[in-house]
Amino acid sequence: IGSTTYKTRNAALKACAKNSKCNGVTKDKTKKYALYTGSTPRPGNGVISYVKQGKSYTASSTVWTVKSNSVVSKDYGTTVYTDLSKALKACAAASGCKAVSKVASGKYKLKASSSTTTSKGKTTYIQGSSVTTSNDFYWTEKSGYKFDNKLATTAYTSKTKALTACASKSTTCSGVTKTGGKYYIMKGSDITAASGSTSWVMGDRVEITSYMIFANRAWSIHSPYTLAGTVDKKTYTTMQKAADACMKNKKCLGFTRTLR
């Protein structure tokens, strides 16, 4: 759509959301983002596309596409839920559940398919990818897929260790792939189907501002941000120890946690 390109994914997605003709965004090999009218992805090395869906709803660490005036006919079980959050939680935990449909006022049923038909007054929530946060980043879980290229040959024994390693190399690491019972940090944007493998695709940083009370003082917490001007070269193993030391030092105005 036009010749405009965007430097960041968020800027492109926002522009696409505001443009009724835009059905998706593609990041090309030059790492620039452009808007497109097409909605059917085609294979392409070194590129990645984001296809616009319906409105989204996040619950149970899963992103759900919301389709108004639609229903799925194929049931998954017979249970009728009276609470949407409980229905979504049950669906997210069931391997064969693909969606949740609101079939009547205050009544929700799990569905075994994501194929919808038009039904006035009904709403369907289609299960998407699982999204989690770790080490100040969002990670999208893709079961049955693997990255094509390893960033390093180190095999990690846990997902937590691998995500931490990937986050510490965020400028070059694209995600983590579990294969053969081991976890590897990966690079590039090429992902292919691989039975038995699971990948976690690194997303944007989690920007958080929150507050805590310690030693009768309020502290504002900002992530992912750092502070300039170190007081000394000491490091601390816990947040409590760092905050305590900062309170005792008149020159200290805050402390920073770094990834290891």
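**A walk around strand β10**

Let's start at Thr123, which lies in strand β10. Keep in mind as you click around that this is a predicted model. Is Thr123 buried or exposed? Its relative accessibility is 16%, and buried means under 20%, so Thr123 counts as buried.

What does Thr123 touch, once you leave out residues up to four places away in sequence? One group of contacts is Val66, Lys67, Ser68 and Ser70, and another is Val100, Ser101 and Lys102. Those numbers make a handy guide to the strands beside β10. Strand β6 covers residues 62–71, while strand β8 covers residues 99–104.

Now follow the pairing itself. Strand β10 spans residues 117–134 and pairs with β6 in the antiparallel sense, over 8 bridges. If you want a spot to find that pairing on screen, look for Thr62, which stands opposite Ser130 in β10. Strand β8 also runs antiparallel to β10, joined to it by 4 bridges. Here the pair to look for is Ser101 and Thr124, which stand opposite each other. Ser101 turns up again as one of the residues that Thr123 touches.

Next, move on to β11, which takes in residues 137–150 and is joined to β10 by 5 bridges, again antiparallel. Thr133 has Tyr138 in β11 as its bridge partner. Between the two strands of this hairpin sit 2 residues, and Asn135 takes a positive phi near 55° there.

From the strands, turn to helix α3, residues 159–168. Which of its residues are buried? They are Ala162, Leu163, Thr164, Ala165, Cys166 and Ala167. The buried residues of α3 pack against β10 and β11, and also against β12 (175–179) and β13 (182–205). That brings us back to β10, which pairs with β6 and also has buried residues of α3 packed against it.

Time to zoom out. The protein chain has 4 helices and 15 strands, and its C-alpha atoms fill a box of roughly 65 × 45 × 45 Å along the principal axes. Of the 260 residues, 28% are buried, Thr123 being one that counts as such. Take the contacts between residues at least 6 apart in sequence: 59% of them join residues at least 24 apart.

As for the outside, the chain exposes about 16800 Å², with carbon and sulfur atoms supplying 49% of that area. How many charged side chains are there of each sign? The count is 42 positive and 11 negative, and the centres of the two sets lie 3 Å apart.

Terms used:
Residues are numbered from 1 along each chain as its sequence is written. This is a predicted model: local features need pLDDT of at least 70, side-chain atom pairs count only at pLDDT 80 or more; totals for chains, interfaces and linings use all residues. Side-chain values use heavy atoms; hydrogens and water are left out. Two strands pair if DSSP finds at least two bridges between them. Buried means under 20% relative accessible area, exposed over 50%, partly exposed in between (1.4 Å probe, protein chains only). Contact means heavy atoms within 4.5 Å. Accessible areas come from the Shrake-Rupley method with a 1.4 Å probe; for residues, only the protein chains shown count as cover. Lys and Arg count as positive and Asp and Glu as negative; His and the chain ends are not counted. The place of a charge is taken as NZ of Lys, CZ of Arg, CG of Asp or CD of Glu.
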